[in-house]
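Let's take a walk through this model together, one stop after another. Keep the sequence and the 3D view side by side as you read.

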Amino acid sequence: MGDFNGFGGSDEENAEIKRLNADVEADPDSFDNWEKLVRACEGLEGGLNRNSSPQSLATLRDTYDRFLLKFPLLFGYWKKYADLEFNISGPESAEMVYERGCASITNSVDLWTEYCSFKTETTHTPQLVRELFERAADHVGMDFLAHPFWDKYLEYEERQEAHDKIFAILNRVIHIPMHQYARYYERFRALAASRPLEELVPADALSEYRSEIEAECQAFGIQKSDLELERDIRAKIDAAFYVIFQRSQTETNKRWTFEAEIKRPYFHVTELDYSQLANWRKYLDFEEAERDFARTVFLYERCLVTCAFYEEFWFRYARWMAAREGKEEEVRNIFLRASTLFVPVSRPGIRLQFAYFEEMCGRIDVARAIHAAILDKLPDSVETIISWGNLERRQSGLDAAIVVYKTQIDSTAVDIFTKAALVTEWASLLWKVKGSVEEARIVYVKNVQWYADSRHFWQKWLQFEMEQPTNTELEAQIGERVKKVIDEMLVKSRLSAGIKQEVGQTYLSYLQQRGGKAAMKEFLAMDREIFGPQSISTITKAKLSKDSNGLPVGELDDATRLKAESRFYNYYELHMDPDPNAQGNASFH
């Protein structure tokens, strides 16, 4: 809105919209903030119309455009925007909004029906109207609750008195499992009684029915008039259509239980309850088992309107589609929509999966760009940096991977405790990929001065020394190195006493399981140091003593300690199967 001195309207309205814009920019995920801004823009100058100022109209359009870019699945707001454009600029502008809306939420029965209704009222060329209805039928015709759309299509053809087209539409609809299947069948059957035989079935089927009846007559020596022959043919056709009706009835009944459990078939920013997610999972299981590709895709698309913020369904859709042959672009489109519109970057798992997919497809630069885009917003995402390092290792070798880690370690945007984790990954590459234990150890030794307050750093260093190949002759040497790590941690680290005790317990277990004849002397000395009373244990004394700020003596402040003692997880480590007994609202996170 920098092109104008104001937003339009009075000074008071300008100040209010400026304030609401600031609220939106401060928290762009807040739906309430956006709603308040939209309402304020709609109310400019007492309500906008074609005579409103250019600034006010530009403010309204800019706000709606940004709002619907952020929340593209809100079909009601697309309809509202189209109505506003119709009142301000006429049908052409409204149609452009409808087109954008239907492209954003392609399977909205309500939006397509509203668009078609709008078209029937503003366009007097039947061919153009029918083309739109057919586009809509491709997108929403299979919906279980598509009857408002089909009713609108039939209503239009009735106004055109196009009985042949009405019959053709009904002939399509009776094959679709939907809520009001029986009503359409009854109407179709009644209409079929008055339609020419040639219109009811293809010529080859009609010829087959006629031959069957003539053969029956010949077998019994019966001669039938043309009228009687037509009556018998119609009976056979009616029986065939009844079979179609029964099949639609069966397919509808199969889905009825799932459909009845869908309490919110539209998108909203609020959470769904666990039972709703469980129902969608079961419904998808059912449709996948039916092995109808088109219907399964349609159900996934419906699900991902209601469950757009739940990444599990994006993962599931991408995995299911990837299992089909020749669906690379479809899979890419699923990942793109999830990554750019619905799953926040704070949950990078789906974006990393996207990067792995692009790497598999040979688009290495795209995979790199995805990692870079995540780190642009989440510079401390350890999972993403490690993933990028492994990408470079796979594609360009060990040195390229180390460059990734060094670049992030040198970056001022990266937190010191993130860097500590990256140093351990660098050492791991040298150890496990290059096979150089000494180079890996040097990385730990040289960097301990910088990362002594990182829990992750000490745990990985201890693990590194404990996992070295051993035998009877080498174990004593390994034991000395393990002890050196523990001793350095106790002296150099400002980790809380509880964490030092936790790491120390790992050492105690090592002494029990792998120590020599004199190991219990070291074991008991360490036990006294980490668990003894404060009179003999510096750890216990620090745990009980407080400084002038109320903190344990020599320890970190709470905010720093939280980061220093954090564990780092990747998507798969946090993945859990859904709890079938969970109650209440299901968090997006």
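**Salt bridges, a cavity and the overall fold**

Start with Glu-288, which counts as partly exposed because its relative accessibility is 24%. Bear in mind as you look that this is a predicted model. The side chain of Glu-288 meets that of Arg-316 in a salt bridge, with 3.3 Å from N to O. In sequence the two partners sit 28 residues apart, and the pair links distant parts of the chain: Glu-288 belongs to helix H14, while Arg-316 belongs to helix H16, residues 311-322. Behind pairs like this is a simple idea: side chains of opposite charge can pair when their charged atoms come close.

Now move on to Arg-567. This residue forms a salt bridge with Glu-502, and the closest N and O atoms are 3.0 Å apart. Arg-567 lies in the loop between helix H29 (558-564) and helix H30 (571-574), whereas Glu-502 lies in helix H26 (residues 497-514), so the bridge ties together parts that are 65 residues apart in sequence. How accessible are the two partners? Arg-567 has 43% relative accessibility, so it counts as partly exposed. Glu-502 is also partly exposed, because its value is 28%.

Next, swing over to Arg-302, which pairs with Glu-259 in a salt bridge whose closest N and O atoms are 2.7 Å apart. Here too the pair links distant parts of the chain, with Arg-302 in helix H15 and Glu-259 in helix H13 (residues 226-260), 43 residues apart. Is Arg-302 buried or exposed? Its relative accessibility is 9%, and since buried means under 20%, Arg-302 counts as buried. Glu-259 is buried as well, because its relative accessibility is also 9%.

Stay with that pair for a moment, since it leads us to a cavity. The structure holds 1 cavity of 30 Å³ or more, and the largest cavity has a volume of about 30 Å³. Which residues line the largest cavity? Arg-302 and Glu-259 are among them, together with Met-142, Phe-144, Tyr-283, Glu-287, Arg-295, Phe-298 and Leu-299. Helix H14 (274-290) and helix H15 (293-306) are the elements that give two or more residues to this lining. H15 provides the largest share, 4 residues. Sorted by class, the lining has 5 nonpolar and 4 charged residues, with no polar ones.

One of those lining residues, Glu-287, also takes part in something else. Glu-287 is linked with Glu-251, Lys-254, Arg-255 and Glu-290 in a network of salt bridges. If you'd like to keep hunting for charged pairs, the structure holds 50 salt bridges.

Finally, zoom out to the whole chain. The protein chain has 30 helices and 0 strands. Its C-alpha trace spans about 115 × 80 × 45 Å along the principal axes. For a compact globule of 589 residues you'd look for a radius of gyration near 25 Å, but the protein chain has 34 Å. How much of the chain is buried? Buried residues make up 47% of the 589. As for contacts between residues at least 6 apart in sequence, 59% join residues at least 24 apart. The bridge from Arg-567 to Glu-502 is a handy one to look at again with that in mind, because it ties together parts that are 65 residues apart.

Note on methods
Residues numbered from 1 in each chain as written. Predicted model: local features only at pLDDT ≥ 70, side-chain atom pairs only at ≥ 80, totals over all residues. Heavy atoms only, no water. 1 Å grid on protein atoms, 1.4 Å probe; cavity = no way out; pocket = protein on both sides within 12 Å on 5 of 7 lines; lining within 4 Å. Points joined across faces, edges and corners; volume = space filled by probe spheres on them. Nonpolar A, V, L, I, M, F, W, Y, C, P; charged D, E, K, R; others polar. Salt bridge = Lys/Arg side-chain N within 4 Å of Asp/Glu carboxyl O. Buried < 20%, exposed > 50% of the residue type's maximum accessible area, 1.4 Å probe, protein only. Rg over C-alpha atoms; globule rule 2.2 N^0.38 Å. Contact = heavy atoms within 4.5 Å.
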